[in-house]
Structure formats: structure tokens, C-alpha cells
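Here is a short briefing on how the strands and helices of this structure fit together. Look at the sequence and the fold first, then read on.

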Amino acid sequence: MADVARLAGVSAQTVSRVSNGYAGVVESTREQVLTAMKELGYRPNSAARALKSGEFHTIGVIMFNLSTTGNTRTIEAVATSAAVEGYATTLLPVAVPTQDSVRGAFTRLGELAVDGIVILMEVHLLDAATVALPPNAHVVVADSNAGDRYCVVDTDQVGGARAAVEHLLGLGHRTVWHLAGPADSFSAERRVETWRAVLREEGREVPAPLRGDWSADSGYRAGLLLAEEPDCTAVFVANDQMALGVLRALHERGRRVPEDVSVVGFDDIPEASSFLPPLTTVHQDFSEVGRRCVDGVLRQIRNNQEETGTHLVPTRLVVRASTAPPRTAP
């Protein structure tokens, strides 16, 4: 820094202000300093700055599933939102969601020096009594019901599932079948519980739900079973990828959509409008979830205070061509 100051003809304090991006430096002076930095090959030592200030300007992200559309789009939004605020992101995927894996991930994040942590949950791990996150950690959890202990950001799963089922019943279908996601997923369980609750509220028969693993292949296998059910005229599928598999199975078995069977998905992935037929689905704003996760972490960092509570991002039903009234009155 002293070498840069001598070459630029300024004080070391001015070099420090330029390297830290502070305002209040005359533009011509800033250019002199930047030119001197380039000529000397000088780069500010961010690690040393972090040790001095105690701030690393890095957010750690722990993920249990990198393959789902929601997680992929949420982490993209987390990284983008963090960058806008001048923070980097460090991603630590956890292949097996166990207590030891989570503890190991937090240990590694501590070694990498992060200011806060975003956890994208796909399983009931935080509800396990044996799991304890580090004390005084600035943590935001996405897709969890642990709002009594942590700051949680999620989409309105209940409102979205209710809108899907009520849409199908409103079209005149006697009942609605359901292809659920994995039993260890918070979002899948909220959707199946809401589906069941709406049918019971309306005094409708509640068929046994089928289970998939979020993939189109599992949707296809379930769709083959649904195609053999003559009373099945409407299906609520827990995500769009499984719905794609259901559409293929119904087509192969000669069950037309929506003439014979109406299908509703969940997520509103970019390809949903290009399905055949275009898929009616529940839109989730994953970008907003990611942005709110970053906001929650930064708020805790800046206030130096942990938060609890659940913040819901609204969902909405997007009606397309995959749903219609049943061919015969119930």
C-alpha cells in the first residue's frame, strides 16, 4: 500500500479508501490510485481486512438436494441477491442429511469464515431433537416449519395446494387424486395435508395418495397406475416434473388430458407452459424466497441479533389447458 501511495503521489489513507470502495475520493485521484495498483500488481488483502474488522462478507449455504427445481432456482437467487449486497456465497452440499453431516458442514463453514448461513431444507432434519445448530449463528432456513427456533422463509404451500384442489372441484370433479412428493419433505407433506383437508371440508371421498420422488420417472410410474383408475378424472401432482411423467403415462394409456383427466402441477417451472397440453400449476416465486433469505441473514448480521418466525412468499394458481370440467356430471 505504501508503494502504491508513493507511485500515485497520495497518502496511504487515500489508497485504503480507494481499495475499500469508499466515496468521497476525487475521481482523478481515484484513477491515479487504480493506475498505480495495476502497474504494481497490487491487490487488497481481503482476508487481512476481514480479520481486522471481523466481517468476511460471505454467506454460507447448506443444501441437502441440488437436483430439485426449487432448490436450484433458490440458490441462484441467493447468490445473486448476496452479490448485489457485496457478499460472496460459499456452497456446501450435504449428500446425506444426518446430524453428523450437518455438524460437519457447519464446522467447514466456520473454517471458511462466513458471516451468516442459509439452509435449504428438503427433509425433517431441523425437527430432530438431536440436531442443534451453533449458538449465536446468523441462520435463515428455507422450506421448514422450524419458525419457533429460526428465521424461516417459505412459499405459501397451504394456499397454493388449496387453490389447486379447489380449482379442480370447482370444475365439477367429484374428487381429486394426489401424487405426493417424498414423505420426508416438508413441502410435500404440507401439500398432501392440505389436499386431504380440502376434500374432507367439501365432504368428498379421499383416495389413497400415491408417492413419487419429485422426478418425471416417478410421475410416469404413478401415472400408469392412475390411468387404470376409471373413477380418476382429476389429479393434483406435487410438482411439475412428476406431472410431466403423469401426462406421458396417461397419453400412452389412451386417457386424454383434459378431456378424460385434468392435471394440476406445482412450481410453475419455465417449461410448464410448453407441456402438451400446457400445464395448469401453482406458481412459486423462488427468486423472492432467495432474496428474502439473504435479507434475513443480513438483517441479523447488521443488528447482531438472531431472529425467529416464518415469512411466507405468496403462491398463485396459473390456469392453462390441462384442466377442464369432467365429461359427465358427477
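Six strands form an open sheet in this predicted model. Their order is β2-β1-β3-β4-β5-β11, and the pairing is parallel. The edges are β2 (88-93) and β11 (309-313), and each of these pairs on one side only. Neighbouring strands of the sheet are turned by 20° against each other on average, direction ignored.

**Inside the six-stranded sheet**
- Strand β4 covers residues 139-142, and strand β5 covers residues 151-155.
- These two strands run parallel and are joined by three bridges.
- V140 has C151 in β5 as its bridge partner.

**Helices on the sheet**
- Helix α11 (residues 286-303) packs on the sheet.
- The strands that α11 touches are β1, β3, β4, β5 and β11.
- The direction of α11 makes about 160° with that of β4.
- Helix α5 (residues 69-84) lies across β1 (58-63), β2 and β3 (116-120).
- Relative to β1, helix α5 runs at about 175°.

**Pairings of β10**
- Which strands are joined to β10 by bridges? They include β9 and β12.
- Strand β9 (residues 262-267) runs parallel to β10 (residues 280-283), with four bridges between them.
- H283 in β10 stands opposite D267.
- Strand β12 (residues 316-318) runs antiparallel to β10, with three bridges between them.
- T281 has V318 in β12 as its bridge partner.

How values were computed: Residues numbered from 1 in each chain as written. Predicted model: local features only at pLDDT ≥ 70, side-chain atom pairs only at ≥ 80, totals over all residues. Heavy atoms only, no water. Pairing = 2+ DSSP bridges. Axes fitted to C-alpha atoms, helices over the stretch in contact; angles between N-to-C directions. Contact = heavy atoms within 4.5 Å.
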